[in-house]
Amino acid sequence: MKNLEDLIKSYTGIVIKKKEECIIKHDNLIKDNRKDEADLEKIKANIYDIFTTMVTATEKQINNKKILSEEEKYNDFCISYLKIFDKIPASWRAKLEKAKKNNAVIESVIEEVKLSVADELRNIFKKLMEEN
């Protein structure tokens with residue numbers, strides 16, 4: 001039987017570790033006077049925070065549906081959380097398109113980094129779903 005608590009624990013553990021790695025990279029890049037690269041690591045850490053927060057919000061939303069069985073909660077959580085990977089990055093995709101049209105290289109890179117992290121997290125989540 002699929003266990004929602006195990007899925008969430010595994011996923012958030014990976015995300016938190018990735019965020020910590022970004023913070024360490026950020027600090028090292030700052031020490032090396034590489035502010036632009038450090039800023040990108042900080043952006044990545046913020047994206048990890050957003051998706052960790054959404055795990056908690058989604059879990060709370062699902063747990064409020066008390067009439068669901070454990071399997072239904074697991075499935076509802078997975079469906080709801082996967083939708084977040086479409087919803088949140090939608091504005092980043094729009095900003096990327098706008099930045100590309102305006103030849104705004106820095107803004108393009110920032111939005112591409114955000115989308116890359118979101119894709120990475122979606123893949124991690126899907127893999128854990130399959131393994132769980």
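This report describes the helices of a predicted model, the contacts between them and a few individual residues.

## Overall layout

The chain contains four helices and zero strands. Read along the sequence, its elements follow the pattern α-α-α-α. Along the principal axes, the C-alpha atoms fill a box of roughly 50 × 35 × 25 Å.

Of the 132 residues in the chain, 33% are buried. The accessible surface amounts to about 8,500 Å², and carbon and sulfur atoms account for 52% of that surface. Among contacts with a separation of 6 or more, 68% are between residues 24 or more positions apart.

## Helix α1 against helix α4

Helix α1 covers residues 4–31 and helix α4 covers residues 105–131. The two pack at an angle of about 150 degrees, and their axes are 10 Å apart. Angles over 145 degrees count as roughly antiparallel, so α1 is roughly antiparallel to α4. The crossing of α1 past α4 is right-handed.

On the α1 side, the contact is made by L7, S10, Y11, I14, V15 and K18. On the α4 side, the residues are E120, L121, I124, F125, L128 and M129. By class, the residues of this contact between α1 and α4 are nine nonpolar, one polar and two charged. The polar residue is S10, and the charged ones are K18 and E120.

## Helix α2 against helix α4

Helix α2, residues 35–63, also packs with α4, at an angle of about 40 degrees and with the axes 10 Å apart. That angle makes α2 oblique to α4. Here too the crossing is right-handed, with α2 passing α4.

From α2, the contact uses L40, I43, K44, I47, Y48 and F51. From α4, it uses V109, I110, V113, K114, V117, A118, E120 and L121. The contact of α2 with α4 has eleven nonpolar, no polar and three charged residues. The charged residues are K44, K114 and E120. E120 and L121 of α4 are listed in the contact with α2, and both are also listed in the contact with α1.

## Helix α1 against helix α3

Helix α3 runs over residues 70–101. It packs with α1 at an angle of about 30 degrees, with the axes 9 Å apart. In this contact, L4, L7, I8 and Y11 of α1 meet K73, Y74, F77, C78, Y81 and F85 of α3. The residues divide into nine nonpolar, no polar and one charged, the charged one being K73.

L7 and Y11 of α1 take part in this contact with α3, and L7 and Y11 also appear in the contact of α1 with α4.

## Two buried helix residues

K114 lies in helix α4. Its relative accessibility is 14%, and K114 therefore counts as buried, the cut-off being under 20%. Leaving aside neighbours within four places in sequence, K114 is in contact with I43, I47 and W92. I43 and I47 are among the α2 residues that make the contact with α4.

T58 lies in helix α2. With a relative accessible area of 3%, T58 is buried. Not counting residues up to four places away in sequence, T58 touches F77, S80, Y81 and I84. F77 and Y81 are also among the α3 residues that meet α1. T58 and K42 are 16 residues apart in sequence, and their C-alpha atoms are 24 Å apart in space.

## Two loop residues with positive phi

Most residues other than glycine have a negative phi. N33 has a positive phi of about 60 degrees although it is not a glycine. N33 is in the loop between α1 and α2. Its relative accessible area is 71%, so N33 is exposed.

N103 also has a positive phi, near 55 degrees, and is a residue other than glycine. N103 is placed in the loop between α3 and α4. At 68% relative accessibility, N103 counts as exposed, the cut-off being over 50%.

Conventions. Residues numbered from 1 in each chain as written. Predicted model: local features only at pLDDT ≥ 70, side-chain atom pairs only at ≥ 80, totals over all residues. Heavy atoms only, no water. Axes fitted to C-alpha atoms, helices over the stretch in contact; angles between N-to-C directions. Parallel < 35°, antiparallel > 145°, perpendicular 65-115°, else oblique. Left-handed = near helix turned anticlockwise from the far one by under 90°. Contact = heavy atoms within 4.5 Å. Buried < 20%, exposed > 50% of the residue type's maximum accessible area, 1.4 Å probe, protein only. Areas by Shrake-Rupley, 256 points an atom, 1.4 Å probe, with all protein chains shown as cover.
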